[in-house]
Amino acid sequence: MDWQALLLSIKLSVITTLILTPISILVARALAFNQFRGKAWVEALAMTPLILPPTVIGYYLLVGFGQQSWLGQTLQTVLGTPIVFHFSGLVLASLLVNIPFALQPIQRAFEAIPDDVRDAAACCGLNRWQSLWKVEIPLVWPGVLTAIVLCFSHVLGEFGVVLMIGGNIAGETKTLSIAIYDKVQAFDFDAAGIMSLILLIFAVCTLAFTTHLTKKIGVNRG
Amino acid sequence: MVEPFQGLVCQINTTTPIFIEAEFDCRNGEITALLGVSGAGKTTLLKILAGLIKPQQGEIHLNQRTWFNSQCHLHLTPQQRHIGYVPQHFGLFEHQTALENVISGLNHLPKAERHARANDWLEMVGLATEQHKRPPQLSGGQRQRIALARALAREPDLLLLDEPFSAVDPQTRKQLHLQLLKLKSRIHCPVIMVTHNMREAQLLADHLVLMNNGRILQQGTTDEVISQPNSITAAHLLGNQNVVYAKVISQDQSKQTTQIQLGSHQFCLPDPQVRHIGERVGCLLPNELNVLSNSAPIAITLDIHCHYQDGQYRQIMATIVGDHTPLTLHSMPELLRKTESSQAVWLLTPTDITLL
């Protein structure tokens, strides 16, 4: 059992989810409530990681943020460390790949808020932030929860992009999925089996927990 | 010295999101009903007053304070206008209790005062015992009353009600009408109420604004507008189905009367307007068939096509002899025994008929 890989995967999942969730709430709200030219393109772009093979995304990130690229060199100067084959590269890749998983459920939840409720909030004197905090977020909470679970689980199981941009450096970029792949390559099926079982149990538990919590929220409201 | 107008003054003209051209006012403490069919622009006009939609041109003032002026590029947000708003589906915050919903509208008060104020208003609308329930646990009428309490507890400068009674059953609607009438003495701001129910407007409103296709067709005191619609469309909006066309035979301008031919009947009606001989004019006839009137100088013979019981009345489908426009009339059942034949005589006074 590769505990280091497990901890690294959990660390990556937590950081990605913590960064992506608040950003997704603001972007999803803007997309749900505003009509603007090019909105369909923005939505399509946000959905692209769902249909693009992870290796393709990984390739573009590797080329885009590599030390040969202008962007990669600039980021290295600013951060003092290269992005590719580094934990920060994994975070960046995870953020980009998980945009649709975080954005979609939250945007749908915002879209489900009736206009009457938002109008009433404005006429009650609540400004945008008060309306978001006191009225909208409690109403979109099941969507936010779904986004958190989807994001966390997806990062935990991410393989292609992580391998492309991070490689396989123990303690730095070797996540649990890559460790499982490594163990299988080395014919260590016992270790691979334990790690796979941990991921399976985790996936089932989080899904059960989310379903339970979503239902509980529904019951309390209805 | 003339006292400045205290209330709402609205004069707007816009083509987005839909065409609206409206000019009207409403004094503090009075209820103005915006009456019209679906799509007439009533809700859009209400949202413009709330500051939720910005019109292209015009001005909105409340008690001499400017809320919107297109020339000065001034547009106050709903938060700056301090209004009470009850949307069509109440707009309650479902995650909050009834009490928390009312408190949500009180952020202009110090925190210590909010709870007591919200409690007072919940008591006033008869929901003090339900204050810890969330909206989905309450009936439609109770939800409506919470929305009303939330809007009124703000002590708003303007109260906007968007078809506030349309989502409840007729019995609850009657109770809510009475509740609003009871609360009226405590409302000191102008109240604008959107409705498509003429009876509701008649019961609650001091003034009536008839809207059609984004324009104001007619406005005035409720009694005035209901008794004297100025056009066929206005008459239809007010629920008057019996509009028929007659021909002008002659006019005596000194007596302000016009002789008309309606079907095969001729009679004289009071009419201040100047008409041309031979002109076709719309005649608004009553909805009630009263065959027992005596002393009525106008007798119209009707061809009765069918009649059926509808609640306590008989509904009668008829035409005037010599005219083909279908009329829908109602009558007390005992009167119908006299109209078993295919014809009946309808006795009217000149003031029963309005020339449009």
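A cavity here is a set of grid points where a 1.4 Å probe fits but cannot get out, and its lining residues have an atom within 4 Å of a point. The model is predicted, so treat what follows as a tour of computed geometry.

**The enclosed space**

With that rule, the count comes to 1 cavity of 30 Å³ or more. The volume of the largest cavity is about 40 Å³. Chain A contributes A:Ala120, A:Cys123 and A:Cys124 to its lining, while chain B brings B:Gly84, B:Tyr85, B:Arg150, B:Ala151 and B:Arg154. In terms of elements, α7 of chain A, β7 (83–86) of chain B and α5 (140–153) of chain B each give at least two residues to that lining. Sorted by class, the cavity lining has 5 nonpolar, 1 polar and 2 charged residues.

**The open pockets**

Now for the pockets. Here are the top two by volume, side by side.

| Pocket | Volume | Lining residues by class |
|---|---|---|
| Largest pocket | about 830 Å³ | 12 nonpolar, 6 polar, 7 charged |
| Second largest pocket | about 660 Å³ | 8 nonpolar, 11 polar, 2 charged |

The largest pocket has a volume of about 830 Å³. Its lining counts 25 residues, and the ones closest to the centre are A:Arg29, A:Phe33, A:Asn34, A:Arg118 and A:Arg128. Both chains take part: α1 (3–33), α7 (115–123) and α8 (128–157) of chain A, plus α2 (78–81) of chain B, each supply at least two lining residues. Helix α7 of chain A thus turns up twice, once in the lining of this pocket and once in that of the cavity.

The second largest pocket has 21 lining residues, with B:Met198, B:Leu238, B:Gly239, B:Asn240 and B:Asn287 nearest its centre. At least two residues apiece come from α7 (198–204), α8 (222–227) and β18 (327–331) of chain B. Domain 1 (7–237) and domain 2 (241–355) of chain B each put at least three residues into this lining.

**Strands and turns in chain B**

Strands β10 (residues 207–212) and β11 (residues 215–221) of chain B pair antiparallel over 6 bridges. Within that pairing, B:Val209 faces B:Gln219 of β11(B). The two strands make a hairpin with 2 residues between them, and B:Asn213 in the turn has a positive phi of about 50°.

Then there is an open sheet of 5 strands in chain B, ordered β14-β13-β12-β15-β20 and paired antiparallel. Its edge strands are β14 (265–270) and β20 (354–355), each of which pairs on one side only. Strand β15 (residues 280–284) of chain B meets β20(B) through 2 bridges, again antiparallel. One such contact sets B:Leu284 across from B:Thr354 in β20(B).

Backbone oddities are worth a look too. Most residues other than glycine have a negative phi, and most peptide bonds are trans. Against that background, the bond from B:Thr16 to B:Pro17 is cis, with omega near -5°. B:Pro17 sits in the loop between β1 (7–14) and β2 (20–27) of chain B.

Another loop, between β4 (57–62) and β5 (65–69) of chain B, holds B:Asn63, and B:Gln64 is found there as well. Phi of B:Asn63 is near 50°, and B:Gln64 has a positive phi of about 70°. Are these two buried or exposed? B:Asn63 is partly exposed at 28% relative accessible area. B:Gln64 has 51% relative accessibility, and since exposed means over 50%, it counts as exposed.

**Back in chain A**

Across all chains there are 5 aromatic pairs. One of them is A:Tyr59 with A:Tyr60: the ring centres are 5.5 Å apart and the planes lie at 65°, which is over the 60-degree cut-off, so the pair is edge-to-face. A:Tyr59 is partly exposed, at 44% relative accessible area, whereas A:Tyr60 counts as exposed at 55%.

Finally, A:Ala44 belongs to helix α2 (residues 39–51) of chain A. This residue is partly exposed, with a relative accessible area of 43%. A:Ala44 and A:Pro100 are separated by 56 residues in sequence, with their C-alpha atoms 9.7 Å apart in space.

Technical notes
Residues numbered from 1 in each chain as written. Chains lettered and ligands numbered in written order. Predicted model: local features only at pLDDT ≥ 70, side-chain atom pairs only at ≥ 80, totals over all residues. Heavy atoms only, no water. Pairing = 2+ DSSP bridges. Helix = DSSP H or I, 4+ residues; strand = E, 2+ residues; numbered from the N terminus. 1 Å grid on protein atoms, 1.4 Å probe; cavity = no way out; pocket = protein on both sides within 12 Å on 5 of 7 lines; lining within 4 Å. Points joined across faces, edges and corners; volume = space filled by probe spheres on them. Nonpolar A, V, L, I, M, F, W, Y, C, P; charged D, E, K, R; others polar. Domains from an automatic or database assignment. Phe/Tyr/Trp six-rings, centres within 6.5 Å; stacked < 30°, edge-to-face > 60°. Buried < 20%, exposed > 50% of the residue type's maximum accessible area, 1.4 Å probe, protein only.
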